[in-house]
Structure formats: structure tokens, C-alpha cells
Amino acid sequence: MSMSGDSKEPREEQSQAPLIEHLIELRSRLMRAVIVILVVFLGLYAFANDIYTFVAEPLMELLPEGSQMIATEVASPFLAPFKLTLVVAVFIAIPFVLHQAWAFIAPGLYDNEKALAIPILVSSIALFYGGAAFAYYVVFPLLFEFFTQTGPENVAVMTDINQYLNFVLKLFFAFGVAFEIPIATFLLILSGATTVENLSKKRPYILLGCFVIGMLLTPPDVISQSLLAIPMYLLYEVGLLFGRLVRKRKEEKEAAEEQEAEL
């Protein structure tokens, strides 16, 4: 009885050892990511007010003469630039953070999965940055021009700095996620959850959905709605295109393997 009990304990210890090693590695990579974010934040903090001024520029340029942004809370002049600088630090450190995540999961992937994961990871980062840049340089000027020109004449436009920050951060995130449509479409096709043919048949619904999202995120005019809806739909078509290419390569590979097996 004692021998069976002794043999059982080492087995349990052996099964727990890999889990503990994975948890230690995960903690190590999380710590590295946090340290990099903190280092970037400390490097940027001296320019916190300049960063906020840059982000607020699309609105500041369109404010009526004599208007300015205000702080309605005592701590807002400190907290708003602080919060924005922390978000920017995370934004800049995203490639390193995702690299740490990739390094953690890569050992468990097959070679073909690794070959696909790296381009998907790089594309996701680039598309997210592209969506944020599109929001800042294209959407913000349209939005703020509409908001500053539609108010009553006897109402002074003086936006609170904290409320403005919350508003633009939501838009940055919304457009960054919206620009991930090609990746989401590609992964749906790759995983077998749907097919290119099924998604192609749903084009009218996708186009309508893009314009609905454009209507919710932009001013109620056709031009600004189209500036979001059309890129989203084009990105959807890009996802379908890559899905077709991957499927074609997969079919060619399977055909080549069948020919080799026959020979």
C-alpha cells in the first residue's frame, strides 16, 4: 500500500511541474510587458501636456474665437494628461506586449500555425494603428466641425478636458477594432466557421451594417458616414480575398499530396 501511494505522489508532482513552469513563464512575460509600459510612460510623462495638446488639436482648431477647453474638476488638469500618457504608453508598447504573448504560446503551435500567426499578428497591429490614425486625421475634423457649428448661437463651446479625452479614446478604440475586420473575416474562413461563398452572399447585409455603424459613430451626414462605412466594407473584401488565396493554396497542397501518394 505504501509503495502504491509513493508512486502516485511522484506522478502528481510530475503533472503539476509543467503547469508551475508555465505559470512562472507567464508571470515573467507579464512583468516584462509591465516594465516596458512603465519605462515608456516615464519617458513620455515629461511631455504629457504636449501629448494632450496634440490629441486636442482637432477640436481646438475648430473652436469659435474666444472659446477654450476647460477643467470642471480640481484634479482634471493633472489626471487627464496623466491618463492619456499612460494610454499612449500602452499603445506604443503593444508590439512588445504581443511579442511576449506570442513567445509564450509559440512553443505549443505547429509549424504551419506559426507561419500564419506571425503575419496575422503583424497585420493586426498595423490595422489597429491605421484605424486610430484614420480616426484622428479624417474622422475627428469632420466630427468636431459638425459639433461646433450646430450649437445655438448663444451657447459658448467650452469642452471639459476629461470628457473630451474619454470621447476620443472611445473613438480611437472603436476605429482600431473596426479596422480589424479583414483579420476577423480571414480567421472565420480559416477556422472553417464559415466559407467565402457564404460571406460573399451576405455582402448586402455587411454593406448595410457598415453604414449603420458609420451612422452611429459619425455625424448625421452622408459624407462622414461614407468615410467610415466604405473603408470598413473594403476591408471586409480584403478579408475575403485573403480567405480565397489561403483556400486556393490549401487545395493545391492537398492535390499535390494526393498525386505524391498515388505515385
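This is a short tour of a predicted model, stop by stop, with something to select at each one.

**Stop 1: the record's view**

Start with what the database says. The unreviewed UniProt entry lists residues 30–48, 84–105, 117–144, 164–193, 205–222 and 228–246 under "transmembrane region". Select 117–144 and colour it. That stretch is 100% helix and 0% strand, and its end C-alpha atoms sit 38 Å apart. Now do 164–193. Here the chain is 87% helix and 0% strand, with 40 Å between the end C-alpha atoms.

**Stop 2: the core**

Next, select Tyr-52, Met-69, Phe-140, Tyr-164, Val-168, Phe-172 and Phe-175 and show their side chains. These are the residues with the most contacts inside the largest nonpolar core, which has 44 residues. Which elements give two or more residues to this core? They are α2 (48–60), α3 (76–105), α4 (111–150), α5, α6, α7 (196–201) and α9 (222–262). The largest share, 10 residues, comes from α4.

Stay with Phe-140 for a moment. Leaving aside neighbours within four places in sequence, Phe-140 is in contact with Pro-58, Ala-135, Val-168, Leu-171 and Phe-172. Two of those names, Val-168 and Phe-172, were in your selection a moment ago.

**Stop 3: the rings**

Time for aromatics. The structure holds 17 aromatic pairs. Pick out Phe-91 and Tyr-129: the ring centres are 4.6 Å apart and the planes meet at 55°, so this pair is tilted. Phe-91 belongs to helix α3 and Tyr-129 to helix α4, so the pair ties together parts that are 38 residues apart in sequence. How accessible are the two partners? Phe-91 is partly exposed at 28% relative accessibility, and Tyr-129 is partly exposed too, at 25%.

Then select Tyr-136 and Tyr-137. Their rings pair edge-to-face, with 4.8 Å from centre to centre and 85° between the planes. Switch on a surface and look at each one: is Tyr-136 buried or exposed? Tyr-136 is buried, with a relative accessible area of 9%, whereas Tyr-137 is exposed, at 57%.

To see where this pair fits in, add Tyr-52, Phe-54, Phe-140, Phe-144, Tyr-164, Phe-167 and Phe-172 to the two tyrosines. Ring pairs link these residues, together with Tyr-136 and Tyr-137, into a cluster.

**Stop 4: the salt bridges**

A search of the whole structure finds 2 salt bridges. For one of them, go to helix α1 (residues 2–45) and select Arg-29 and Glu-25. Their side chains meet at 3.3 Å, N to O. The two residues are 4 apart in the helix, which puts about one helical turn between them. Arg-29 counts as buried at 17% relative accessibility, while Glu-25 is partly exposed at 28%.

Now jump to Arg-203 and Glu-237, where the closest N and O atoms of the salt bridge are 2.6 Å apart. This pair links distant parts of the chain: Arg-203 is in helix α8 (residues 203–217) and Glu-237 in helix α9, 34 residues apart. Arg-203 is partly exposed, at 25% relative accessibility.

**Stop 5: a charge without a partner**

Select Glu-180, in the loop between α5 (161–178) and α6 (181–191). Where is the nearest side chain of opposite charge? That is Arg-244, 19 Å away. Glu-180 is buried yet has no salt bridge. What Glu-180 does touch, not counting residues up to four places away in sequence, is Ser-124, Leu-127 and Phe-128.

**Stop 6: two threonines**

Move along to Thr-185 in helix α6. Thr-185 counts as buried, at 5% relative accessibility. With neighbours up to four places away set aside, its contacts are Leu-199, Tyr-236, Gly-239 and Leu-240.

Finish at Thr-194, in the loop between α6 and α7. Thr-194 is buried as well, at 15% relative accessibility. Beyond residues up to four places away in sequence, Thr-194 touches Leu-188, Ile-189 and Leu-199. Leu-199 is also among the contacts of Thr-185, so leave Leu-199 displayed if you want both threonines in one view. For a last distance, draw a line from Thr-194 to Ala-135: the C-alpha atoms are separated by 30 Å, and the residues are 59 apart along the chain.

How values were computed. Residues numbered from 1 in each chain as written. Predicted model: local features only at pLDDT ≥ 70, side-chain atom pairs only at ≥ 80, totals over all residues. Heavy atoms only, no water. Buried < 20%, exposed > 50% of the residue type's maximum accessible area, 1.4 Å probe, protein only. Lys, Arg positive; Asp, Glu negative; His and termini not counted. Salt bridge = Lys/Arg side-chain N within 4 Å of Asp/Glu carboxyl O. Contact = heavy atoms within 4.5 Å. Core = buried A, V, L, I, M, F, W, Y, C linked by side-chain atoms within 4.5 Å. Phe/Tyr/Trp six-rings, centres within 6.5 Å; stacked < 30°, edge-to-face > 60°. UniProt positions renumbered as here; feature names shortened; annotations may be inferred.
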